[in-house]
Amino acid sequence: MKKIALTNALIVDPSQNIKKLGTLIINDKKIANIIFNNSFIPTKKDHKIINCKKLPLCPGFVDIKCHLRVPGEEHKENLRYASDSAAAAGITSLVCMPNTDPIIDNVPIVELLQRKARKESDVKIHTTASITKGLRGNDITEIGLLIEAGAVGFTDAIRAVDDTTVMLRALKYASAFDAIIMQHPEDNSLSKGGSMNSSLLSTELGIKGIPEEAEVLQVDRDIRLAEMTNSKIHFFNITTGLALKSIELAQKKGIKVTCSTSPHYFNLTENDIRYWRTYAKVSPPLRDLQNVESIKMGIKNNIINYISSDHSPHDTDSKRLPFEQASAGIVGFESLLPLTIKLINEKKLSLSKAVELLSVNAAKLLKLNVGSLKKGKPADLVVFDPNKKITLSSNVIKSKSKNYPFENLKAKGKVMLTMVDGKIIYNDRKFSL
């Protein structure tokens, strides 16, 4: 088999502090070399040559929070659709949530998903397992056995573990195995029955709101527990400046706390659900403009170090309901890159920092053997055009579901080529090979 040479590429790899034009060589599914200054010119005799036209080439994106609906809800999504959608988005590794049917809380279900992923998906799929059995918040799962089976983290998905004693026990057990607990940042007692941000708008619409304090109280409690147990905790989808202040203080104290957010939390506000737009209903809810700006600053100031898609496909019947009854979540793979690039254009991010947020940091957090172009690493990579104008629309979404709130939004950023283990799994038709 010929080696693959990706020439004339702007190679961006924060794990090696690289941002430079060069050539990347792939051999036997792995990164073989990165060459600069034309010190080696690959030949067609020995290489399949791909001219990257000075576009950025970076490690494939690692999405640490997505809902694949497998097993049990294949009418909303399946691994083939999810894989195609992720590949078109430059995502080469997915980390799925355990709120499936049956719930991913035991070894056989972890193993089942891994077998299905190997058979049905071109992208790499990793799974979390639930913190508590059945997501009921009472008894913790067999953390050690689940790690051995391949679980990369533990979360009750879109439910927070409410019982403090249960959460304390989970953190202690996870610490013993150097595992990470990943928490939904929303206090159940304050958020119960709520469907949107608590504000004048929620009063105007007659919808029960969820206050910002529901997020910060959950975060504050769990930071204290993580400090007590010297364990690692990660908060998904931070949406408020209040929570960011608590996380920043904890990070400065050396507590092992990290957090992520998703593009809808720095691109949409509560006003996007006006007229009861259920396609913009998410959990935690969209906040006001002030909190959106706080999230952007949290990214800029390195408090937030991960951006995930929070891909949450739903069928039409789950969304076209009265707002309070509609399911929360949007499909998010294909908007991940262009909505993150908006932060670059707003001077909140550099290109290298964006790659860290989308790839490098997530791989480190979950100890995945990806997220880098170092020699010997799997050849999981993406080539994209950050200046390519696109229109975000449900018409171009490859997901099985179409619950997409960014209809006809003008943006920039187009994936041109995605590779996993040296195999091309997505190639834009305008990007000639």
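This passage describes helix α2 and the cysteines of a predicted model.

Helix α2 comprises 14 residues, spanning positions 107-120. The distance from its first C-alpha to its last is 20 Å, close to the 20 Å expected at 1.5 Å a residue. At the start of α2, the backbone nitrogen of I109 lies within 3.2 Å of a side-chain oxygen of N106.

The buried residues of this helix are I109, V110, L113 and A117. Viewed down the axis of α2, these buried residues fall within an arc of 105 degrees, and they therefore line one face of the helix. An α-helix has 3.6 residues a turn, so residues three or four places apart point the same way. The buried residues of α2 are covered by elements that include two helices, α1 (79-88) and α3 (143-149), together with β7 (91-96) and β8 (124-127). On the other side of α2, by contrast, P108, R118 and K119 are exposed.

The cysteines were examined for disulfides, for which two sulfur atoms must lie within 2.5 Å. The resulting count is zero. For C58, the closest cysteine sulfur belongs to C52 and is 11 Å away, which is too far for a bond. C58 is nevertheless buried, with a relative accessibility of 0%. For C259, the closest cysteine sulfur is that of C66, and the separation of 19 Å is likewise too far for a bond. C259 is also buried, its relative accessible area being 1%.

How values were computed: Residues numbered from 1 in each chain as written. Predicted model: local features only at pLDDT ≥ 70, side-chain atom pairs only at ≥ 80, totals over all residues. Heavy atoms only, no water. Buried < 20%, exposed > 50% of the residue type's maximum accessible area, 1.4 Å probe, protein only. Helix = DSSP H or I, 4+ residues; strand = E, 2+ residues; numbered from the N terminus. Expected span 1.5 Å × (residues − 1). Arc of directions from axis to C-beta. Contact = heavy atoms within 4.5 Å. Polar contact = N/O pair within 3.5 Å; in protein donor to acceptor, adjacent residues only side chain to side chain.
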